[in-house]
Amino acid sequence: MNAARANAPADEAADASTIVVTGVVDPLRLTMKSEGASRLGLTAMEMPASVETLDGDAIRLRGDLTIQDAAARATGIVNTSGVFGFGLSARGFTGQNSVMTLYDGMRMYNNTLTFPADPWMAQSVEILRGPASVLYGEGAIGGAVNVVRRQPSEEMQASGRFGVASYDSFNIGVGAGGPVTDGVAFRADASFRRSEGWMERGDADAVALAGAIRLKPAANLSITLSHDYSEQNPRTWFGVPLVNGKLDRSIRKNNYNVADARLRFRDNWSQAKVEWTPSDALTIRSVFYHLWANKYWKNAENVTFVPGTGSTPAQVRQSSFLELYHIQKQTGNRTTASLNHGVAALENTLVVGFDVNRISYKNVSNSGNNATRLIDAADPDPGLFLHQLGAPTRPRYTNRIRQYAIFAEDRLKFSEQFSLVGGVRYDRPEITKTDYVNAANNFTATPDAVTWRVGAVYNPVPSLALYGQYATAADPVGALVSTSVTQSAFDLSTGRQYEAGIKHIFWGSRGQWTLAVYDIVKRKLLTSDPLIPTIQVQVGQQSSRGVEASLFLEPVDRLSITLNGALVRARYDDFAESVGGVLFQRAGNRPSNVAAKTANAFVSWEFADNWVLDGGVSHVGKRYQDAANSRVVPAYTLTDAGLRWQFVEGASAALRVRNIFNETYARATYGNSQWVLGDPRTVEATLHVAF
């Protein structure tokens, strides 16, 4: 069976708008509708933006166990996730505030995002590169990643996965969905994974549960109720300290965190979706949701290498003894009305809507704990968590946010060849902080923003799209839910992007390619006051220019090749920082954790009936750990390969090797002198069933 056909969902294969030639079903998803990039119901070919959709089945067959790993196979996306939470880089910008993660198109206002926990629950992962503020509010100047959950289906289906891997790791996932009675359908999924890790005390486990039921009391009315739950206990390893600015491989497996370290993340997400189509021209959608999360830390997060002197061996200084509870609740509603109507005899689609939400975030911590301890570097005895007099773990503050937004999108189709697409959004969050320690830190702030975008798409032939777009964005200076009194005085950072590109399907769908060029400027960065370096002011500027390309080819039946790559010139245009009380201008330097070059290649070959050999290569160029560009994080290249055998219809066994050449590399940085290393060579055997 052709790999591209095997990975295509049944509903996509049946879509009349899908281009199907020689059995290949739109491998780059250019003719599929994307929920994460527009609410107009457009395909990637119809949007003036860079959009990429990763199929959930393909993610699972490639063995990706996290959303971050899956997203990093997309064009220009780098996985910079550290110990916990989501960390991605796109178009010269990094961090959760600049590369947003969504679940079913809904945003989670969380300063440490740990949900969704497993791509087993994902029907697809949609990636929008470039500003997404006009869709989801402040943030996302680099892009947005939308995880689309598996939905109830009209046909009964079930699937399962069981895998065992190196380092005493295993994972299991099961799921089923289908009709219950006329007008009622369901979907249920569960997964569990555990590993002892390749480093000392690297135990980790995670469980995820998801369920949904869809009711259709009438032909034009659909109600879907769903709940998702995850509990994660990540490994309590915060990487290793650099020795004279470089990695010492002899200590890479050491764990310098305290012996009683703990990480625990619990996330719950409930939704009620209503879709009503009173007429062919009007569709109303409303989503009510409630998120509650409870996260707990107890770690010595920072470690610094201390050289030995005389008879004293080299040591490591533990610091940042942090005990912290994040207790958050978020309740909201998004309602949209989609209207198809003519404007002066031209076809037009208009979407208008609003977002409202209420957020409560409570911080319970031991802020002010400045304890430190020295332990042996080569053979560490990490000891227990250090408490400090005067820094008890107690409620510190609560931030409450009352937010509303109104937005609109429109597509005006002048002809079959030319259309204009635009959107505008106004956001008004009201942040109120109650500080339980120092009432002087209390404040109320309303960092509102207006963002918009407009673009044009020209199709000289149906299989070719040329587009251009201008978009604006607004980024918070920090996470909204943990805004401090100092940050409350600053405006949102603002940005704009110019983008142009090409999308092309050729050779009867055996070939597809995309190309995008862009220019982004972000203003009002936080920087040090030239006269008083200890005080921050908002005057800086950062920019990036780049080119991204992707290519799919099926040169012969049963062989497919997917390539993508990106080049970005990111730099600080105006950015100063205080180091030891001295002001340094970093203009011209590259922002930290940004790679100038990235590339991915993936090949799938069905060399015999029911036997598939596939593999991929991913390259991430060198990065810098600091704004001074004095600490280099080396480039790395990872290679993986797998062999899959479908021994009966609906069941296959696979063997996969990740990081074949056992490269030691830094996936993320932590602080100024700490690296979080990626996994070494891993071998995994899995069994997949689907019927």
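# Notebook: cores, strands and a cavity

I began with the largest nonpolar core, which has 27 residues; Leu30, Val51, Met100, Leu128, Ala132 and Tyr136 touch the most other members. I looked up which elements feed this core and found that strand E7 (99-103), helix H5 (133-136) and strand E26 (464-475) each supply at least two of its residues. H5 gives the most, with 3 residues. I note here that the model is a predicted one.

I then took Val51 from that core and listed its contacts. Setting aside neighbours within four places in sequence, I found Val51 in contact with Ser34, Ala37, Ala44, Ile127 and Leu128. Leu128 in that list is also among the core residues that touch the most other members. I also noted a second, separate core of 26 residues, which includes Phe265, Trp297, Val316 and Ala666.

**Strand E7**

I went on to E7, one of the elements that supply the largest nonpolar core. I asked how many of the residues of E7 are buried. The count is 5 of 5, so the strand is largely enclosed by the rest of the structure. I checked the side-chain directions as well: Val99, Thr101 and Tyr103 point one way from E7, whereas Met100 and Leu102 point the other way, and all are buried.

For the partners of E7, I looked at two strands. With strand E10 (residues 143-149), E7 pairs in the parallel sense over 5 bridges. In this pairing I found Met100 opposite Ala144 of E10. With strand E8 (residues 106-107), E7 pairs in the antiparallel sense over 2 bridges. Here the bridge partner of Tyr103 is Met106 in E8. The hairpin of E7 and E8 has 2 residues between the strands, and I noted that Asp104 takes a positive phi near 55° there.

**Sheet E4-E5-E6**

I looked up a sheet of 3 strands next. It is open, its order is E4-E5-E6, and the pairing is antiparallel. The edge strands are E4 (77-79) and E6 (93-94), each of which pairs on one side only. Between strand E5 (residues 88-90) and E6 I found 2 bridges. Ser89 has Thr94 of E6 as its bridge partner.

**Strands E11, E38 and E41**

I then followed strand E41 (residues 682-690) and its pairing with strand E11 (residues 157-165): the two run antiparallel and are joined by 7 bridges. Phe162 stands opposite Leu687 in E41. Strand E38 (residues 651-658) also runs antiparallel to E41, with 8 bridges joining them. In that pairing, His688 of E41 is the bridge partner of Ser652.

I picked Ser159, which lies in E11, for a closer look. Is Ser159 buried or exposed? I entered it as buried because its relative accessible area is 17%, and the cut-off for buried is under 20%. Not counting residues up to four places away in sequence, Ser159 touches Trp120, Arg150, Gly173, Val174, Gly175, Arg187, Val689 and Ala690. I also took one C-alpha separation: Ser159 and Ala651 are 492 residues apart along the chain, and their C-alpha atoms are separated by 9.3 Å.

**Leu567**

I made the same kind of entry for Leu567, found in strand E30 (residues 559-574). I put Leu567 down as partly exposed because its relative accessible area is 47%, which falls between the cut-offs of 20% and 50%. Its contacts, leaving aside neighbours within four places in sequence, are Tyr518, Arg545, Gly546, Val547, Ala596 and Lys597. For a C-alpha separation I took Leu567 and Glu663, which are 96 residues apart along the chain, and got 23 Å.

**Cavities**

Last, I looked at enclosed space. How many cavities of 30 Å³ or more does the structure hold? There are 11. I opened the second largest, which holds about 790 Å³ of space. Its lining has 46 residues, of which Pro27, Leu28, Leu54, Arg62 and Thr562 lie nearest the centre of the cavity. I asked which strand gives the most to this lining. It is strand E3 (residues 50-55), with 6 residues. By residue class I noted 22 nonpolar, 13 polar and 11 charged in the lining.

Notes: Residues numbered from 1 in each chain as written. Predicted model: local features only at pLDDT ≥ 70, side-chain atom pairs only at ≥ 80, totals over all residues. Heavy atoms only, no water. Pairing = 2+ DSSP bridges. Helix = DSSP H or I, 4+ residues; strand = E, 2+ residues; numbered from the N terminus. Buried < 20%, exposed > 50% of the residue type's maximum accessible area, 1.4 Å probe, protein only. Contact = heavy atoms within 4.5 Å. 1 Å grid on protein atoms, 1.4 Å probe; cavity = no way out; pocket = protein on both sides within 12 Å on 5 of 7 lines; lining within 4 Å. Points joined across faces, edges and corners; volume = space filled by probe spheres on them. Nonpolar A, V, L, I, M, F, W, Y, C, P; charged D, E, K, R; others polar. Core = buried A, V, L, I, M, F, W, Y, C linked by side-chain atoms within 4.5 Å.
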